[in-house]
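Colleague: I'm new to this one. Could you walk me through the ligand and the empty spaces?

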Amino acid sequence: MSQRIVIIGAGGLVGTVLAAQAAQCGHVVLSLTSAQCDVTDATSIERHIDADDAVINCAAYTKVDEAERDEDRAFAVNATGAENVAHACARAGAGLVHVSTDYVFSGDFGGSERHPYEIDDETGPLSVYGRSKLAGEFAVLAAMPDAHIVRTSWIFSGHGGDFVATMRRLAAGDGTVDVVADQVGTPTYVGDLVGALLEAADGTISEPVLHAANAGETSRFEQARAVFELVGADPERVRPVDSDRHPRPAPRPQYSALSAVRSTEAGLTPLRPWRDALAAAI
Ligand SMILES: NC(=O)c1ccc[n+]([C@@H]2O[C@H](COP(=O)([O-])OP(=O)(O)OC[C@H]3O[C@@H](n4cnc5c(N)ncnc54)[C@H](OP(=O)(O)O)[C@@H]3O)[C@@H](O)[C@H]2O)c1
């Protein structure tokens, strides 16, 4: 009998796709939305978790800009909430996979040559969101050293309001579009990410921190051009701009590509190149 997968934060982008894919893989799935299980309420978590469950925590305060003026809430969900989930799993004897982010890194290599971030590279979040997620990583591993932290980045589904969906909509129009060219990272297709989360949940990987992102790196500008090409629109309509043309409350790392080398050595299947994943999504 396949392990039960308990998904916390099941109403979000990752949680929704994860629930569908876990069920398709033959798992019994318990999907818990924020209304059914609030991670800031430790007792609300415990009553849902049994021994031998594999819990995947997708719950997070993800409004990166709003977090700058709502620090307490960001830390309550992303740090204390994550810790509550880890304590509940440890007490129940369940496994735990906790999702984290490339925004735990700064993108600043202090003058040395930049390289895709490896699992043990120095962190240095620039934003409240990044700091709250890093605090969550520490809290989870302190409460449950055999939990997995899976960092990912720039998630897209191609639907709803994500970056790829927005570019598709703009490509259907006829104007030009300015997109920042000085932020580089790793776009990750949500369908590929959830496969990695399920793999991490099966309990055969010993490395606590893992990176799961599509292979390669790109700027938002290049990613937007790739979307235009794939839908048959003229990519020249996408024009590069610097991020200071679009100032936002929360600073983003200028470089946050994730390396999967160590995660692959630890047994996680590497994800395909981001362009292939983008083509599949579109
Ligand atoms: N999206 C990205 O590009 C990206 C990149 C790197 C890492 N990540 C990480 O990936 C994970 C999943 O993110 P996502 O993109 O799926 O975000 P999302 O769509 O915003 O989903 C987050 C979910 O968490 C729920 N939630 C918020 N507060 C909660 C609470 N107190 N208790 C229980 N659930 C709560 C939300 O429910 P409500 O809507 O009801 O509040 C929402 O369903 C997060 O850990 C995020 O940090 C995301």
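Modeller: Sure, we'll start with the ligand and then move on to the pockets and the cavity. Keep in mind that this is a predicted model.

Colleague: Where does the ligand sit?

Modeller: To say that a molecule sits somewhere, more than half of its atoms must lie within 2 Å of the grid points of that space. By that test, the ligand's place is the largest pocket.

Colleague: How much of the ligand's accessible area does the protein cover?

Modeller: Let's begin with some contacts. A polar side-chain atom of Asp38 is 2.9 Å from a nitrogen atom of the ligand, and a backbone N or O atom of Ala60 is 3.2 Å from a ligand oxygen atom. On its own the ligand has 900 Å² of accessible area, and the share covered by the protein is 77%.

Colleague: Which residue has a side-chain N or O atom 2.6 Å from an oxygen atom of the ligand?

Modeller: There are 25 residues around the ligand, and the nearest are Val14, Ser34, Thr62, Tyr129 and Lys133. One of these has a side-chain N or O atom 2.6 Å from a ligand oxygen atom, and that residue is Tyr129.

Colleague: Which element gives the largest share of the shell around the ligand?

Modeller: At least two shell residues come from each of α1 (13-24), α3 (71-92), β4 (95-101) and α4 (128-143). By class, the shell has 12 nonpolar, 10 polar and 3 charged residues. The largest share is 3 residues, and it comes from β4.

Colleague: What about the largest pocket: which residues are closest to its centre?

Modeller: This pocket has a volume of about 1,300 Å³. Its lining has 43 residues, and those closest to the centre are Leu13, Thr62, Lys63, Val64 and Tyr129.

Colleague: And how many charged residues are in the lining of that largest pocket?

Modeller: The elements α1, α3, β4 and α4 each give at least two residues to this lining. Sorted by class, the lining of the largest pocket has 19 nonpolar and 14 polar residues, and the charged ones number 10.

Colleague: Which elements give two or more residues to the lining of the second largest pocket?

Modeller: The second largest pocket holds about 340 Å³ of space. Among its 18 lining residues, Val180, Gln183, Ser243, His246 and Arg248 are closest to the centre. The elements that supply two or more lining residues are α5 (163-171) and β7 (177-180).

Colleague: How many charged residues line the largest cavity?

Modeller: The structure has 1 cavity of 30 Å³ or more, and the space in the largest cavity is about 30 Å³. Its lining is made up of Ala196, His211, Ala212, Ala213, Ala260, Thr264, Leu268, Thr269, Pro270 and Leu271. These divide into 7 nonpolar and 3 polar residues, and the charged count is none.

Definitions and conventions: Residues numbered from 1 in each chain as written. Predicted model: local features only at pLDDT ≥ 70, side-chain atom pairs only at ≥ 80, totals over all residues. Heavy atoms only, no water. Near = heavy atom within 4 Å. Polar contact = N/O pair within 3.5 Å; in protein donor to acceptor, adjacent residues only side chain to side chain. Areas by Shrake-Rupley, 256 points an atom, 1.4 Å probe, with all protein chains shown as cover. 1 Å grid on protein atoms, 1.4 Å probe; cavity = no way out; pocket = protein on both sides within 12 Å on 5 of 7 lines; lining within 4 Å. Helix = DSSP H or I, 4+ residues; strand = E, 2+ residues; numbered from the N terminus. Nonpolar A, V, L, I, M, F, W, Y, C, P; charged D, E, K, R; others polar. Points joined across faces, edges and corners; volume = space filled by probe spheres on them.
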